[in-house]
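Q: I would like to learn how to read helix packing and burial from a set of coordinates. Please take me through it.

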Amino acid sequence: MGTETPAIEMAGLTKRYDDTTAVSDVTTTIDAGTVYGFLGPNGAGKTTTMKMLTTLVRPTSGTAHVAGNPITDRESVTPHIGYLPEEPPLYEELSGREQLEYVAGLRELPTDEATDRIERMLDRFDLAEDADKRISDYSKGMRQKVGVIQAVLHRPAVAFLDEPTSGLDPRAARTMRDTIAELADQEMTIFLSTHILPVVAELADEVGVIHGGELVAEGHPDKLAAEAEAGAGGTLEDAFLEITQDPEEAAPRAE
Ligand SMILES: Nc1ncnc2c1ncn2[C@@H]1O[C@H](COP(=O)(O)OP(=O)(O)OP(=O)(O)O)[C@@H](O)[C@H]1O
């Protein structure tokens with residue numbers, strides 16, 4: 001207890017593109033087994049942060065470690081992570097099952113174990129019947145299901161999920177939320193970026209709010225909600241809107 005390597009550590013993490021500072025001096029530590037809800041308005045820096053943590057984009061300055069490994073060392077980080085980006089990377093000409101078998105091969109999962117996990121996840125996400133159809137013929141929701149299954153198939157220490165319920169029907173969205181909760185119970189750390197605040201309120205142990213590239217608030221969703229000006233009946237949405245309000249838009253306070 002307390003001595004466990006944190007799942008994610010960021011120290012002064014910064015990314016600049018020309019004159020845009022996408023992520024500015026972010027410092028935080030996320031314990032292993034946490035569901036971390038990463039919130040922020042459009043353009044706040046969420047995707048850029050996730051791309052740095054998954055080694056796809058190099059920081060301009062600052063450092064970060066994922067599962068104890070520096071993000072500048074791609075080979076040491078990638079075995080410990082899974083990533084569902086906004087558009088899951090899929091081979092159009094493969095079937096859903098072939099795509100997952102291919103990813104299992106890249107991750108060097110033993111064949112029997114891979115087959116077992118793939119079939120269980122296909123079943124769970126109601127995709128078994130369509131598993132042999134080509135991905136080019138899949139709907140957005142079906143692609144999303146394959147995307148999330150491939151992100152967690154190798155049971156990474158840390159899974160980065162960008163809008164995992166995007167495009168999913170209500171039943172599939174429920175399955176996704178249940179799956180995230182179950183993976184977290186098995187000590188997987190989930191870095192969850194979404195604009196759907198009730199999902200975060202339901203699942204997250206901790207929330208980080210990024211605004212204009214800066215990490216401007218952090219805490220348990222109930223704590224952030226309780227701190228909102230709305231008071232006792234405040235929701236995470238109230239807190240989010242307040243935290244991310246631009247000063248010039250803020251309503252003048254009564255004297
Ligand atoms: N490759 C790039 N080149 C230049 N600017 C970029 C690049 N990627 C992101 N940015 C800029 O960095 C800022 C943060 O973008 P980012 O995509 O990280 O935001 P986000 O929080 O994921 O937004 P959204 O919720 O809309 O997906 C934006 O101002 C964006 O225009």
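A: The model is a predicted one. Start with helix α9, residues 236–243, where Leu236, Ala239 and Phe240 are buried. These three cover an arc of only 100° around the axis, so they are on the same side of α9.

Q: What covers the buried residues of α9?

A: The cover includes two strands, β3 (35–39) and β9 (206–211), and two helices, α7 (197–203) and α8 (221–227).

Q: How is a pair of packed helices described?

A: Two quantities are used: the angle between the two axes and the distance between them. Take α3, residues 96–106, and α5, residues 140–152: they pack at an angle of about 20°, and their axes are 10 Å apart. Angles under 35 degrees count as roughly parallel, and α3 and α5 are therefore roughly parallel to each other.

Q: Which hand does the crossing of α3 and α5 have, left or right?

A: The α3 and α5 crossing is right-handed. On the α3 side, the contact is made by Gly96, Gln99, Leu100 and Val103; on the α5 side, by Val146, Ile149 and Gln150. Sorted by class, the contact of α3 with α5 has four nonpolar residues, three polar ones and no charged ones.

Q: At what angle do the axes of α3 and α4 cross?

A: Helix α4 spans residues 111–124, and its axis crosses that of α3 at roughly 140°, the two coming within 10 Å. Roughly antiparallel would need an angle over 145 degrees, so α3 is oblique to α4. The crossing in which α3 passes α4 is right-handed.

Q: Which residues make the contact of α3 with α4, and how do they divide by class?

A: From α3 come Arg97, Leu100, Glu101 and Ala104, and from α4 come Ala114, Ile118 and Leu122. By class, this contact of α3 with α4 has five nonpolar residues, no polar ones and two charged ones. Leu100 is listed in the contact with α5 and also in the contact with α4.

Q: How do I read a single position, say Met142 in helix α5: buried or exposed?

A: Count the neighbours. A residue is buried if 20 or more other C-beta atoms lie within 10 Å of its own. Met142 has 21 within that distance, so Met142 is buried.

Q: Which residues does Met142 touch, not counting those up to four places away in sequence?

A: With that exclusion, Met142 touches Leu127 and Asp130. For a C-alpha distance, take Glu129, which is 13 residues from Met142 along the chain: the C-alpha atoms of the two are separated by 11 Å.

Note on methods
Residues numbered from 1 in each chain as written. Predicted model: local features only at pLDDT ≥ 70, side-chain atom pairs only at ≥ 80, totals over all residues. Axes fitted to C-alpha atoms, helices over the stretch in contact; angles between N-to-C directions. Helix = DSSP H or I, 4+ residues; strand = E, 2+ residues; numbered from the N terminus. Parallel < 35°, antiparallel > 145°, perpendicular 65-115°, else oblique. Left-handed = near helix turned anticlockwise from the far one by under 90°. Contact = placed C-beta atoms within 7 Å. Nonpolar A, V, L, I, M, F, W, Y, C, P; charged D, E, K, R; others polar. Buried ≥ 20, exposed ≤ 12 C-beta atoms within 10 Å, placed from the backbone. Arc of directions from axis to C-beta.
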